[in-house]
Every structure is written in structure tokens, then in C-alpha cells.
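Let's take a friendly walk through this protein chain, with an eye on its charged side chains. Have the viewer open as you read.

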Amino acid sequence: MLAIYPGIHEMLSAKIMIVEDEVIIAMDLAEDLETLGYEVAEVVSSGEKAIEKVSEIQPDLILMDIMLKGEIDGITAAGEIAKMFDIPIVYLTAHTDKNTMLRAKSIKHCGYIIKPFDRQDLQKTIEKALTTDQCKYEQVITNSFPSEDYPCIKGEEKAKIILNWEESHI
């Protein structure tokens, strides 16, 4: 199977850093990642700690909660990390208001996972982030996305994926 899908071994053994300030969510996320075959390189609870640890850990991917305790939120931390490193960042959030989403979109990232999410949603998003060149797309996976803010999504669709691919990817 590995010969058929080049790079699959590297993708499954990817080092992932979790930036999440809710302990139970961070523990569940770490367990899910390990179950899926990924290495949890580090779990940190603040944007400041994420920025500090990223050069030491050199993760293959960062799962970044948007709303964090501390001086800076996940969007600001992602911006600082993106200035220094070319590491895919996937946002984790329960906040889908327009202002938060617009701020998040302004920073290079590889997608969003809207809380609550399941292991399958997590795996799909990580695979896309690790295999898509330079993360030139927006991906939203949701259990209940506010359709009044985003009319392209009707009602509560589970695992709705929106991809805005460049023409070269179509």
C-alpha cells in the first residue's frame, strides 16, 4: 500500500503541535492524533508558548485554537509563526462569527476545523494540509455553521467542505 501512495508514511508519522488552552479538548485531541498514527510533538496552552516552542519542536503541522488565554490569541500567534516558518497551520475554533473568520483568513493557514468535530473530520483536514502545496485553499469542516453569515451553507451540514482552489488545482 505504501508504494501505491508515495508520501503516505511521512504523512502518517507527521509531528503535530497542539495549541489549545482547554485541557480536556487538548487531551482528547492528542489521543485522537495518536490513534490516527500521528506523533504529538507538543501540547501548549498559549500563543506565546506556541511561538516560543515552534523553533525547538519544528512540527510538520500546527493545530491552533483561535481563542486562547494569554496576551495573544491563536490568530496573532499563527501570524507570528508564519513570518518565521513555513509550517501548515489549521485553526480549531468554536467561534464562527464574521470578524473572527475574516481575521483568521488574513493569516496564511491550511484550514479550519469547527468544534465540535470528530476524528474523521480531523484526519481529512490534516491530510489535506500535509499534502496540499503551500495551503492555497480555504477549508471549512463544520457540524453547525451559521448559515446567516455564510449563505452558501444551508442548515446544519456535517463535514461540509468548502474548497476555493486555484485554477491549477481544478
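Which backbone nitrogen lies 2.9 Å from a polar atom of the side chain of Asp-73? The backbone nitrogen in question belongs to Thr-76. Please keep in mind that this is a predicted model.

**The chain as a whole**

Before going further into that site, here is the wider setting. The chain holds six helices and six strands, and reading along the sequence gives the pattern α-β-α-β-α-β-α-β-α-β-α-β. Of the 170 residues in the chain, 45% are buried. If you take the contacts between residues at least 6 apart in sequence, 63% of them join residues at least 24 apart. The chain exposes about 9,000 Å², and carbon and sulfur atoms supply 52% of that area.

**Around Asp-73**

Asp-73 is placed in the loop between β3 (61-65) and α4 (74-84). Is Asp-73 buried or exposed? Its relative accessibility is 15%, so Asp-73 counts as buried; the cut-off for buried is under 20%. Leaving aside residues up to four places away in sequence, Asp-73 touches Ile-66, Leu-68 and Arg-103.

Arg-103 deserves a second look, since the side chains of Asp-73 and Arg-103 are joined by a polar contact of 2.7 Å. That pair also meets in a salt bridge, at 2.7 Å from N to O. The bridge links distant parts of the chain: Arg-103 sits in helix α5 (residues 98-105), Asp-73 in the loop between β3 and α4, and the two are 30 residues apart. The partners differ in cover: Arg-103 is partly exposed, with a relative accessible area of 38%, whereas Asp-73 is buried at 15%.

**Around Asp-65**

Now move to strand β3, where Asp-65 is found. Asp-65 counts as buried because its relative accessibility is 2%, and buried means under 20%. Not counting residues up to four places away in sequence, Asp-65 touches Val-19, Glu-20, Asp-21, Gly-74, Leu-92, Thr-93 and Lys-115.

What does the side chain of Asp-65 make with the side chain of Lys-115? The two side chains make a polar contact of 3.2 Å, and they also meet in a salt bridge at 3.2 Å, N to O. This pair, too, links distant parts of the chain, with Lys-115 in the loop between β5 (111-114) and α6 (119-131), Asp-65 in strand β3, and their positions 50 residues apart. Lys-115 and Asp-65 are both buried. A further residue joins in: Glu-20, Asp-65 and Lys-115 are linked in a network of salt bridges.

**Salt bridges side by side**

How many salt bridges does a search of the whole structure find? The search finds seven, including those in this table.

| Salt bridge | N to O distance |
|---|---|
| Lys-49 and Glu-52 | 3.4 Å |
| Lys-115 and Asp-65 | 3.2 Å |
| Arg-103 and Asp-73 | 2.7 Å |

The Lys-49 and Glu-52 pair lies within helix α3 (residues 47-57). Because Lys-49 and Glu-52 are three residues apart in that helix, about one helical turn separates them. Lys-49 is partly exposed, and its relative accessible area is 34%.

Conventions
Residues numbered from 1 in each chain as written. Predicted model: local features only at pLDDT ≥ 70, side-chain atom pairs only at ≥ 80, totals over all residues. Heavy atoms only, no water. Helix = DSSP H or I, 4+ residues; strand = E, 2+ residues; numbered from the N terminus. Buried < 20%, exposed > 50% of the residue type's maximum accessible area, 1.4 Å probe, protein only. Polar contact = N/O pair within 3.5 Å; in protein donor to acceptor, adjacent residues only side chain to side chain. Contact = heavy atoms within 4.5 Å. Areas by Shrake-Rupley, 256 points an atom, 1.4 Å probe, with all protein chains shown as cover. Salt bridge = Lys/Arg side-chain N within 4 Å of Asp/Glu carboxyl O.
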